[in-house]
Structure formats: structure tokens, C-alpha cells
Amino acid sequence: MIKVLADQNLYQLEEFLPEDVILTMFDPNTGFPETSGFDALLIRTVTKLNPITFPEIPSSLKFVGTGSSGSDHVDIEYLKTNGVVFADALGNNARAVAEYVMTSLLLWREQKGKSLSDYTYGIIGVGKAGTAVADLFDSFGLNYVLYDPPRAEQDSQFKSASLEEVLQCDILSFHASFSKSGRHPSYHWLNNEKLSSRSFELIINASRGGVIDETAVSMSLDSGLIKDIIVDVWEHEPDFNPEFTKRAFIATPHIAGYSEQSKLNASKMVCSKLCDYFGLQCPPTKDLYLNKELELAHLSYSFEELLLRLHPIKEYDAVLRNLVSRPDKATLFQKLRTDRPYRYEYSFLKLEKKLLNNFEDLKKLGVKTF
């Protein structure tokens with residue numbers, strides 16, 4: 001009998017595990033859980049695993065999984081040296097992140113009176129999320145370059161743009177993993193040196209806090225070298241920078257990858273790897289991926305109004321801005337990430353045909369008809 005200890009916020013986790021698994025949930029807000037006697041531990045990015053936070057790994061623990069695409073919150077080598085297998089949910093939220101970026105750009109276009117086709121885009125970090133962003137940019141006919149030297153070193157089929165090519169772009173969208181060491185550290189990648197003689201229409205960070213130097217970006221905003229920023233991840237998250245928040249065109253609490261489908265994907269992927277490791281059979285879960293039909297044709301919407309009806313990005317933005325002067329803003333930041341219902345990705349939304357036909361951009365996003 002396998003005993004699993006899991007973060008209570010891993011979405012519908014029990015649906016993805018065999019019935020004979022003994023599942024115990026813990027609340028990450030109450031501190032690091034007691035893991036003795038458990039065979040597997042399933043976490044999210046809010047739980048840090050390293051020799052300091054987890055100095056004594058119980059002999060019973062053989063498997064650690066994170067329901068997230070990134071793994072910089074886990075010291076994987078530390079687990080490995082203690083005989084613990086690690087698994088992530090790489091790519092679970094790639095489409096959701098891409099939709100966040102494209103939704104942000106469309107709102108920027110609508111509110112600023114821009115034409116997205118007038119600009120060149122640099123996608124920095126071309127893993128699952130960056131690739132999904134490129135796919136959506138293709139749907140909208142946008143001109144972009146892909147920058148990912150680490151991938152180019154590992155993948156002979158991939159060619160990265162040069163540093164100069166990506167820095168010549170008008171808009172940068174960040175999707176790099178976080179690292180402070182190695183051949184290609186991403187910490188403060190966008191810094192004073194790169195910003196000193198260049199201007200950008202827009203910077204989007206939906207990767208990891210610390211990939212952009214918030215102080216350097218603020219200085220470029222002051223000088224007008226950067227016109228706008230869209231920020232979903234923060235350097236000292238969850239204790240985000242209030243002043244940086246106020247300067248953003250859109251500011252959200254690390255929810256770019258949050259959707260009903262991405263959360264299902266995360267639980268499914270990490271449970272599948274757990275079952276493979278322990279030789280278990282995972283239950284079928286296809287029926288959990290549902291479509292949502294919205295009857296809105298009887299109402300009068302502008303494109304921006306309809307887009308915001310389908311994506312809660314500005315709801316998150318408004319609530320986050322209300323927290324900037326709160327002394328408990330870090331705690332409330334975390335609650336924002338767990339206490340709100342997840343949105344549906346566009347391809348799981350259906351509108352009446354006569355309404356959808358009026359908005360070609362919604363079709364490009366993947367919205368379907370019923």
C-alpha cells in the first residue's frame with residue numbers, strides 16, 4: 001500500500017490516483033509537512049525542498065513530484081543523493097501561459113490603440129511555454145525571433161537568434177527557467193547593461209521573478225526607454241514590489257499558467273509518473289476535461305469586453321493593486337493564487353456561431369462554436 005502526502009491545492013488529485021493509494025493532504029501555509037512514513041511527497045512551487053528546509057529525508061520517502069512546470073524550488077541533486085526520485089509536470093501550463101501573453105497583448109492593443117503587426121517580438125526561453133507562445137503568434141501573423149542558447153546547445157534541430165537580434169525586437173516576452181549559475185544564468189538577464197542603449201515598446205514577464213531586474217526596468221521606465229510592462233511574476237514573490245506593480249500595464253499574482261485544464265494536466269502528469277515509478281495503474285480521467293458553453297449572443301459586447309468576459313486577467317490585476325498598501329500583502333498574494341476559480345482555456349470555451357463570427361481574433365485564440 002503506497003502512502004502519498006500531497007499539497008491540498010493540487011487540483012482534483014484524488015481523481016488521478018488509484019483507489020488503493022492512501023492519500024494525505026497538507027496545507028503549505030502551515031509550514032513544511034512531516035513526511036515520516038510516507039512513500040511519496042507531492043508539492044507545488046510554494047514548498048521549497050533543499051538541505052535547509054528538508055535536512056532529514058526519511059528512509060521511507062522514495063518519490064517527490066511537483067505539480068508545476070518549473071523545478072527551481074527543488075534541489076534535485078540533493079534528493080538524488082538521498083535516493084529519492086524527482087518528477088515534474090513540465091509543460092502542463094504552456095497553453096495557459098501563451099493565452100495569458102496573447103490576451104495581454106490584445107488588451108494592450110485595444111487600450112493603447114496599437115497595431116500588433118507593427119512590432120517585432122523576442123521570445124526569450126523556448127521550452128514548452130515559449131513554443132506555445134510562438135504557436136499563438138503564428139496564428140496572429142506576428143513577426144518574432146526565438147532566443148534560447150541553452151536549448152540550441154542541447155537540440156541540434158533548434159537554432160537560437162543571437163543576443164543582438166533579440167534585443168533589437170520591440171517587445172520581449174520572457175519564458176526562461178530561473179538559474180543563477182551555469183553557462184547561461186537567467187537571473188537578472190534583463191539588466192542595466194542590456195537596457196542602457198536600447199528601447200522597448202513592451203516587456204512581458206510570465207516566466208520567473210528575478211529573470212528581469214526590476215530596479216533596472218524601473219529606471220528604463222523613468223527614462224522612457226521602456227514604454228510599458230506586463231508582470232505576472234515577481235522578484236521577491238510573494239512579497240511583491242508595490243511600486244513596480246503600480247507601473248505595470250497589467251500586474252497579476254503569478255497566475256499566467258492557471259487554468260482548469262493546466263491544473264488538471266499538472267495533477268495528471270505528476271500522478272502518471274508516480275504510478276509508473278511504483279508500478280501502479282492510474283484511473284482514466286478523460287471525462288474531467290469539459291467544455292463550457294457561454295450563451296452571450298443576446299448581449300452587446302465590444303471585443304475588449306468580450307475578451308475580459310472570457311479571461312479574468314483584469315480581475316486579478318484589480319485585486320492585486322488593492323493589496324499594494326497592505327502589510328499582509330504577501331499572504332494575500334498567495335491566497336489570490338488558490339482561492340479563485342480557474343478559468344477555462346479558450347479551446348474549451350464555446351460561443352454561439354453568430355457571435356463568434358463577429359470576432360475573428362477569438363477564433364485565432366481557439367474559441368469554438370456550439
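1. Let's start with helix 2 (residues 94-112) and helix 3 (residues 128-139), whose axes cross at roughly 45 degrees and come within 8 Å. Axes here are lines fitted to C-alpha atoms, for helices over the stretch in contact, and angles run from 0 to 180 degrees between N-to-C directions. That angle makes helix 2 oblique to helix 3; angles under 35 degrees count as roughly parallel, over 145 as roughly antiparallel, 65 to 115 as roughly perpendicular and the rest as oblique. Helices (H or I, at least four residues) and strands (E, at least two) are DSSP runs, numbered from the N terminus.

2. Before you go on, please keep in mind that this is a predicted model, where local features need pLDDT of at least 70, side-chain atom pairs count only at pLDDT 80 or more, and totals for chains, interfaces and linings use all residues. Residues are numbered from 1 along each chain as its sequence is written, and side-chain values use heavy atoms, with hydrogens and water left out.

3. Now look at how helix 2 and helix 3 meet. Their crossing is right-handed (a crossing is left-handed if the near helix is turned anticlockwise from the far one by less than a right angle, and right-handed if clockwise). Ala94, Arg95, Val97, Ala98, Glu99, Val101, Met102 and Leu105 of helix 2 make the contact with Lys128, Ala129, Ala132, Val133, Leu136 and Phe137 of helix 3; contact means heavy atoms within 4.5 Å. By class, this contact has eleven nonpolar, no polar and three charged residues. Ala, Val, Leu, Ile, Met, Phe, Trp, Tyr, Cys and Pro count as nonpolar, Asp, Glu, Lys and Arg as charged, and the others, Gly among them, as polar.

4. Helix 2 has another partner to find. It packs with helix 10 (residues 303-310) at an angle of about 155 degrees, and the two axes are 10 Å apart. That makes helix 2 roughly antiparallel to helix 10. The crossing of this pair is left-handed. On helix 2, Thr103, Leu106, Leu107, Arg109, Glu110 and Gln111 meet Phe303, Glu304, Leu307 and Leu308 of helix 10. Five nonpolar, two polar and three charged residues make up this contact.

5. Next, an open space: the second largest pocket has a volume of about 740 Å³. It is lined by 32 residues, and Thr45, Val46, Lys48, Glu237 and Pro238 are the closest to its centre. Helix 12 (residues 329-338) gives the largest share of the lining, three residues. The lining divides into eleven nonpolar, 13 polar and eight charged residues. On a 1 Å grid over the protein atoms alone, a pocket is an open set with protein on both sides within 12 Å along at least five of seven lines, a cavity is a set of points where a 1.4 Å probe fits but cannot get out, and lining residues have an atom within 4 Å of a point.

6. Glu237 and Pro238 deserve a second look: a cis peptide bond joins them, with omega about 10 degrees. Pro238 sits in the loop between strand 10 (226-231) and helix 8 (242-247).

7. There are two cavities of 30 Å³ or more. The largest has a volume of about 50 Å³, where volume is the space filled by probe spheres set on grid points joined across faces, edges and corners. Its lining includes Tyr100, His311 and Arg343.

8. One last backbone detail: Gln12 is not a glycine, yet its phi is positive, about 50 degrees. Gln12 is in the loop between strand 1 (3-7) and strand 2 (22-26).
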